[in-house]
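Several labels are attached to parts of a structure, and each rests on a value set against a cut-off. Please go through the reasoning behind some of them.

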Amino acid sequence: MEAFDPAELPELLKLYYRRLFPYAQYYRWLNYGGVVKNYFQHREFSFTLKDDIYIRYQSFNNQSDLEKELQKMNPYKIDIGAVYSHRPNQHNTVKLGAFQAQEKELVFDIDMTDYDDVRRCCSSADICSKCWTLMTMAIHIIDRALKEDFGFKHRLWVYSGRRGVHCWVCDESVRKLSSAVRSGIVEYLSVVKGGQDVKKKVHLSEKIHPFVRKSINIIKKYFEDYALVDQDILENKESWDKILALVPETMHDELQQSFQKHHNSLQRWEHLKKAASRCQNNSKNDKCGPWLEWEIMLQYCFPRLDINVSKGINHLLKSPFSVHPKTGRISVPIDLQKVDQFDPFTVPTISSICHELDVISTKEEEKENGAESDIKHRTRDYKKTSLGPFVKVFEQFLENLDKSRKGELLKKSDLQKDF
């Protein structure tokens, strides 16, 4: 993978927005089939420019306008906001209080820094293959719930470009949801609760919700390799004391002694499970039970959502195909069929795809008809680079949106027929 030099970013962005950004697909997404008049025109975009200059309330008439502005401004970052009652770029001309956010995709933001109290390999903005498993589990758990528990069909998962993932739920009915309903959905999906000062962040009882059970079943597939081997969460006294803080005090002395006798996290975890089972049989109280080990598993592995991002309709979120200015990586869509194979370290950087474009042979360039339109030229350009497969994932998502929309229109026309 080509090394990324932030000093080269301005020049790289010029090439990226001119020849590699997938404008046609991007516009097709946010226009949603052009079914609702002015839907795209009333959408807010914000740009972060060089030196952290931030511009809100950008909006565009059409794909061509968006292209021209991106190529003129070369933003370091693009954020997408709500669809408003009026064009965002005219918000200053609207009567006070009349400019209102009306619709937006239901979005989720999962950031690795929110797991810093439970991951031992990295902290802050750093990630590695050992802790990326947290994001893999998060996608599986949240996506299953969105699909099966809520019946949402159109879910676009995107790598943030650095240390997390975003999800855009794009069903037509979902885009119309109120902040209160969005808050309810996020509340349903939140199991780990409490700030830095709260040691025990998961509390279960005998009645385990089906959502929690299904989430535990997903975590079980990863727990041994991720938590006991890669993170080694019971490696030494400092690490196991954190786990003892999550179990009843009556178990502390016995576990401290037995942990010292065992040699690794795997053995200590097995002993903890047996001790929890004995505690349940002896005390018959509500502090012990099979859910004791589940509480630990959830605290160490369950997704941690940024609630505010999801519940606010007017909250902005980083756009797919934006470039992360620190890493140079592109915010690419994630193939839901291959979540376990997704590797953030192989995601193309802006340097690598621009370099791939440069090395296309001049012979190939000469063969091309110079009179061809820019759009045709550009369509082929991203296909020539490692960005191509990710655009294909995006196109598949758009195909499903189109099919669903056509199905809805057919249903409506059938209902309107007089028999």
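The questions and answers below concern a predicted model and take its labels one at a time.

Q: What makes up the chain in terms of helices and strands, and what are its spans along the principal axes?
A: The chain holds 16 helices and eight strands, and its C-alpha trace spans about 80 × 60 × 45 Å along the principal axes. Of its 419 residues, 52% are buried, and the chain exposes about 20,800 Å², of which carbon and sulfur atoms supply 49%.

Q: How do you know which share of the contacts joins residues 24 or more positions apart?
A: Among contacts in the chain with a separation of 6 or more, 70% are accounted for by residues 24 or more positions apart, where a contact requires heavy atoms within 4.5 Å.

Q: Why are the buried residues of α8 said to line one face of the helix?
A: In α8, residues 237–244, the buried residues are Ser239, Trp240, Ile243 and Leu244. Viewed down the axis of α8, these buried residues fall within an arc of 145°, and therefore they line one face of the helix.

Q: How many disulfides does the rule give, and what is the distance from the sulfur of Cys122 to the nearest cysteine sulfur?
A: The count comes to zero disulfides. For Cys122, the nearest cysteine sulfur belongs to Cys128 and is 3.6 Å away, whereas a disulfide needs two cysteine sulfur atoms within 2.5 Å, so Cys122 is in no disulfide.

Q: Why is the sulfur of Cys131 not counted as bonded to that of Cys121?
A: The closest cysteine sulfur to that of Cys131 is in Cys121, at 3.7 Å, and because the cut-off is 2.5 Å this is too far for a bond.

Q: Why are Cys122 and Cys131 called buried?
A: Buried means under 20% relative accessible area; Cys122, at 13%, therefore counts as buried, and so does Cys131, at 0%.

Q: What makes the phi values of Asp232 and Phe321 worth listing?
A: Most residues other than glycine have a negative phi. Asp232, which is not a glycine, has a positive phi of about 50°, and Phe321, also a residue other than glycine, has a positive phi near 70°. Asp232 is found in the loop between α7 and α8, and Phe321 lies in the loop between β8 and α13.

Q: Why is Asp232 called partly exposed, and is Phe321 buried or exposed?
A: Partly exposed covers values between the 20% and 50% limits, so Asp232, at 21% relative accessibility, counts as partly exposed. Phe321 has a relative accessible area of 0% and is therefore buried.

Key
Residues are numbered from 1 along each chain as its sequence is written. This is a predicted model: local features need pLDDT of at least 70, side-chain atom pairs count only at pLDDT 80 or more; totals for chains, interfaces and linings use all residues. Side-chain values use heavy atoms; hydrogens and water are left out. Buried means under 20% relative accessible area, exposed over 50%, partly exposed in between (1.4 Å probe, protein chains only). Helices (H or I, at least four residues) and strands (E, at least two) are DSSP runs, numbered from the N terminus. The arc is that of the directions from the helix axis to the C-beta atoms. Accessible areas come from the Shrake-Rupley method with a 1.4 Å probe; for residues, only the protein chains shown count as cover.
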